[in-house]
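Colleague: Thanks for sharing this one! Please take me through it, and give me the cut-offs as we go.

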Amino acid sequence: MNNIIYNIGYFFKEAKTIIKINMMTNIFSILSIGLIFFILIMVLSSWWISGYVVDTIQSEAEINVFFGDSVEDDGILQMVESIKKINGVMGARLIDEDEAYNRMSAILGEEAKVLKYLDDNPFSPFIEVKIQLGEMEKVLEGLKSVPDIEQIRDNRDVLERLRGIIRVFEALGWLIMATVSITTVITISHIIKSGIYNNREQINTLRLLGASESFIAFPFLIEGLILTMAGAMAAFALAVLALKAFYSQMAGPLPFIPLPPREALESSLFILGIVISLVLGIVGGIFGLLSAKVE
C-alpha cells in the first residue's frame, strides 16, 4: 500500500500516456459514456421531480366544496362549521368570488389579461377544505350529510396519474441504471484490454525488472476512472443546462407546479454521478485486467 501511495504520481503519468496512445478512441469512449450518463441523469431527475410534486400535493391535499347561489351567508357559515367537524378535516374556509378571481390571475400570470375582457366575475365562491389525504374517503362520506352541497372537487385523479408517472420513471430509472452499468463496464474493460495489448512490451519489461502485478495494473485502473469520471462530468454539464431550460420553461406557463430547488437537485445529481462513475470505473478496470490476464 505504501508503495502505491509513494508512486501515485508515476501511476497518473503512465495513465495519461496510455490515454494519449489511443486518444481518438478514448475521446469517443468519453462521449459515449457521457451520453449514457446524461440519459440516466435525466430519468433520475424526472423521477425525483415527479416524486417531489406528489409529496407536495399530498401535504397540501384539499377538497373544494361548491354550493348553490340560493344559500345565504349564515347558511354558508354553518356549512363551514359543519365541515370542520368531519373526521379527517384539518381546516375549512370560504373563498369568495374576488379571492377566486385573484388566485386564477396569479396562476395565469401574463395571460390573466384575458379576464379583464369579461363583464362579470366568472368565478363562484366555494369552501376550501384542507384534509388528511389518507382520510379522503371518510371526508367525502361525511360531506354527504352536509346540506346544500352541489359539487365536490378533489384531486384524486391527479394524484393517481402522478403516482403512475412516478412508477414508470422508477422502473425506467432502474432499467437505465442497469444498462449504464453494463455498458460502461464493458466499454472500460475493452479499453483497458486494448491498452494492455498495445503496451505489452513495456509490461514485459516491467515484469523482468521485478515490478509486481498490482504496480503494473494500477495505471490501467486509473485510466478507467479518468474515462468514466470525464464522461460523468460531461453528462452533468449537459444536465445542468437542460435543467435550467426546464425550470425556466416551467416558471412561465406553469408557475403553480411545485418543483424542488434546482441547486439541491443538481448537488444530488453531482454526488450521485461521482459515486457511480467511481464504482463503474473500478469495476470496469478490474474486469479488463482479469480478462486480459485470462487471455
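Colleague: Is Glu-128 buried or exposed?
Modeller: This is a predicted model, where local features need pLDDT of at least 70 and side-chain atom pairs count only at pLDDT 80 or more, while totals for chains, interfaces and linings use all residues. Residues are numbered from 1 along each chain as its sequence is written, and side-chain values use heavy atoms, with hydrogens and water left out. Buried means under 20% relative accessible area, exposed over 50%, and partly exposed in between (1.4 Å probe, protein chains only). Because its relative accessible area is 7%, Glu-128 is buried.

Colleague: Which residue forms a salt bridge with Glu-128, the closest N and O atoms being 4.0 Å apart?
Modeller: A salt bridge needs a side-chain nitrogen of Lys or Arg within 4 Å of a carboxyl oxygen of Asp or Glu. Here the pair joins strand E3 (residues 126-131), home of Glu-128, to strand E2 (residues 89-95), 35 residues apart. The partner is partly exposed, because its relative accessible area is 38%. At a closest N to O distance of 4.0 Å, that partner is Arg-93.

Colleague: Which residue is linked with Arg-93 and Glu-128 in a network of salt bridges?
Modeller: The structure holds 5 salt bridges. Arg-93 and Glu-128 are joined in their network by Glu-99.

Colleague: How far apart are Arg-262 and Glu-266, N to O, in their salt bridge?
Modeller: These two are 4 residues apart in helix H10, so about one helical turn separates them. Arg-262 is partly exposed, at 22% relative accessible area, whereas Glu-266 counts as buried at 13%. Their side chains meet, N to O, at 2.8 Å.

Colleague: How many helices and strands does the protein chain have?
Modeller: Helices (H or I, at least four residues) and strands (E, at least two) are DSSP runs, numbered from the N terminus. Along the sequence the pattern reads α-α-α-β-α-β-α-β-α-β-α-α-α-α. The total is 10 helices and 4 strands.

Colleague: Which element gives the most residues to the largest nonpolar core?
Modeller: A nonpolar core is a set of buried Ala, Val, Leu, Ile, Met, Phe, Trp, Tyr and Cys residues joined through side-chain atoms within 4.5 Å. The largest has 36 residues, and Phe-37, Phe-220 and Leu-269 have the most contacts inside it. Two or more residues come from each of H3, H7, helix H9 (213-251) and helix H10 (262-294). With 11 residues, the biggest giver is H9.

Colleague: How many residues are in the other core, the one with Phe-67?
Modeller: That core lies apart from the largest one, and Ile-83, Ile-86 and Ile-131 are also among its members. Its residue count is 20.

Colleague: Which glycines does Ile-188 touch?
Modeller: Contact means heavy atoms within 4.5 Å. Ile-188 lies in helix H7 (residues 156-198) and counts as buried because its relative accessibility is 0%. Leaving out residues up to four places away in sequence, Ile-188 touches Ile-33, Leu-227 and Thr-228, among others. The glycines in that list are Gly-224, Gly-281, Gly-284 and Gly-285.

Colleague: What is the angle between the ring planes of Trp-47 and Trp-174?
Modeller: Rings of Phe, Tyr and Trp (its six-membered ring) pair if their centres lie within 6.5 Å; planes under 30 degrees apart count as stacked, over 60 as edge-to-face and the rest as tilted. By this rule there are 4 aromatic pairs. In this one the centres are 6.2 Å apart and the pair is edge-to-face, so the angle fits the rule, at 65 degrees.

Colleague: How many residues apart in sequence are the parts tied together by Trp-47 and Trp-174?
Modeller: Trp-47 counts as buried at 18% relative accessibility, whereas Trp-174 counts as exposed at 53%. Trp-47 lies in helix H3 and Trp-174 in helix H7, so the residue separation of the parts they tie together is 127.

Colleague: What share of the residues in the protein chain is buried?
Modeller: The contacts give some background: of those with a separation of 6 or more, 82% join residues 24 or more positions apart. Among the 295 residues of the protein chain, the buried share is 36%.
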